[in-house]
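Here's a short report on the structure shown next. It goes through a helix pair, the nonpolar cores and a few backbone oddities.

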Amino acid sequence: MVTLPFRIKVKNAETGAAVEMELEDENTVDEIIESAATFWNKDMGAYVLRKGKKVLRGGASLKDASIRTDDVLELIPDPEGG
Amino acid sequence: MDEERLDRSRRIGWLNLDAIARARILMVGAGALGNEVGKCLALSGFRHVTVVDMDHVVGSNLNRCLFFSKEDASGRRLKAEVVAQGMNALSPDMEAVPVPTRIEEMSDPGFHDHDVVLGCLDNIAARLHVNARAYQAGRVYIDGGMEGLTGKVMVVRPPKGACIQCGMNRSHARVAGLRFSCTGKDVVFHEPRLAAEITTTSIVSALMVREAVKHVSGRGEMLLANTLYYDGQRNVAEEAEVQVNPDCPVHGGI
């Protein structure tokens with residue numbers, strides 16, 4: 001079955017900026033994190049993506065993560081320093 | 001009553017100071033977070049703390065480490081020893097014991113012999129190790145992390161709920177093994193990176209010890225359900241839910 005691309009918005013928690021992405025069901029959360037981090041020239045480091053209160057699992061496909069068109073996700077740094 | 005050290009703490013009805021005095025705490029990491037966590041543990045009435053860290057004090061630690069001095073840095077004293085000594089000085093009842101070794105080299109009974117594990121670490125590899133060992137031992141693991149003005153606290157409560165590894169993704173895998181501090185020549189520097197600063201350190205460590213106090217006092221229902229992200233730039237602190245990853249090896253996955 002052919003799936004159609006859909007658009008979501010990813011927000012940068014640190015700056016409030018947002019970017020729209022066109023994705024397919026088979027894309028993964030990891031891919032969104034990498035694309036968004038690259039788009040905003042983020043430092044190399046750990047980040048997570050969340051939808052509402054839920055942190056999304058990196059390896060999950062957008063279908064598995066129940067990401068749908070017009071969803072707003074947020075990219076947040078996952079601080080690992082001590 | 002003004003002469004009793006913990007009188008004001010006793011006024012918090014649900015605090016179980018006897019349980020706190022009996023609890024055995026394993027504190028892994030004696031850097032910036034370890035200094036502040038150690039301070040809060042000592043002043044909260046904890047008495048039995050094992051402090052594990054293999055590193056030495058250096059000058060760049062001094063902007064955020066209560067127990068470290070210039071002399072400790074010039075003498076390259078072991079962080080575990082300096083922090084344990086400082087904790088013992090803060091509270092007459094404190095019996096902090098330094099273990100100057102890598103946590104990976106600590107013997108097996110180490111985790112089983114403690115009631116709570118507090119992670120004050122600066123790298124993902126060590127976090128994953130402590131997470132797995134604490135989970136296997138069935139001990140609550142409270143992990144703190146910080147970077148600049150952002151911080152995170154996660155409470156892992158085996159056998160329920162997600163663990164540190166469940167919440168990691170490919171971006172974590174890329175930086176696993178690097179240390180996110182500036183503590184000496186053995187560090188793999190990870191640039192560009194915001195320097196850690198004391199106010200974020202204080203907030204994250206205070207939250208960690210508060211969760212330990214709740215757990216030891218038998219108030220599990222008050223514990224942080226999962227993860228709290230703190231952003232000091234926006235003055236926001238929000239809980240988020242990390243879900244169990246079916247592939248997580250700690251949970252018996254792949």
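In chain B, helix α3 (residues 32-44) packs against helix α9 (residues 198-216) at an angle of about 45 degrees, and their axes lie 8 Å apart. Keep in mind that this is a predicted model. Angles from 35 to 65 degrees fall in the oblique class, so α3(B) and α9(B) are oblique to each other. As for handedness, the crossing of α3(B) and α9(B) is right-handed.

Who meets whom here? On the α3(B) side you'll find Ala32(B), Leu33(B), Glu36(B), Val37(B), Cys40(B), Leu41(B) and Ser44(B). The α9(B) side brings in Ile198(B), Thr201(B), Ser202(B), Val204(B), Ser205(B), Ala206(B), Met208(B), Val209(B) and Val213(B). Sorted by character, the residues of this α3(B)–α9(B) contact come out as 11 nonpolar, 4 polar and 1 charged.

Just past that, in the loop between α9 and β7 (227-231) of chain B, sits Ser217(B). Is Ser217(B) buried or exposed? Its relative accessibility is 10%, and buried means under 20%, so Ser217(B) counts as buried. Setting aside neighbours within four places in sequence, Ser217(B) is in contact with Trp14(B), Leu15(B), Asn16(B) and Ile20(B).

Now for the cores. The largest nonpolar core has 48 residues, and those with the most contacts inside it are Leu41(B), Phe46(B), Val51(B), Met87(B) and Ile142(B). Leu41(B) is also one of the α3(B) residues that meet α9(B). Take Val51(B) as an example: beyond four places in sequence, its contacts include Met27(B), Ala30(B), Ala80(B), Val83(B), Ala84(B), Met87(B) and Pro98(B). There's a second, separate core as well, with 34 residues, among them Leu121(B), Val130(B), Tyr141(B) and Met154(B).

On to the backbone. Most residues other than glycine have a negative phi, and most peptide bonds are trans. Two non-glycine residues with positive phi are worth a look, and both turn up in the table.

| Residue | Phi | Loop | Relative accessibility |
|---|---|---|---|
| Ser66(A) | near 55 degrees | between β4 (54-55) and β5 (72-77) of chain A | 33%, partly exposed |
| Asn235(B) | about 55 degrees | between β7 and β8 (236-242) of chain B | 65%, exposed |

The peptide bond to check is the one joining Pro158(B) and Pro159(B): it's cis, with omega about 5 degrees. Pro159(B) belongs to the loop between β6 (150-156) and α8 (170-175) of chain B.

Terms used. Residues numbered from 1 in each chain as written. Chains lettered and ligands numbered in written order. Predicted model: local features only at pLDDT ≥ 70, side-chain atom pairs only at ≥ 80, totals over all residues. Heavy atoms only, no water. Core = buried A, V, L, I, M, F, W, Y, C linked by side-chain atoms within 4.5 Å. Buried < 20%, exposed > 50% of the residue type's maximum accessible area, 1.4 Å probe, protein only. Contact = heavy atoms within 4.5 Å. Axes fitted to C-alpha atoms, helices over the stretch in contact; angles between N-to-C directions. Helix = DSSP H or I, 4+ residues; strand = E, 2+ residues; numbered from the N terminus. Parallel < 35°, antiparallel > 145°, perpendicular 65-115°, else oblique. Left-handed = near helix turned anticlockwise from the far one by under 90°. Nonpolar A, V, L, I, M, F, W, Y, C, P; charged D, E, K, R; others polar.
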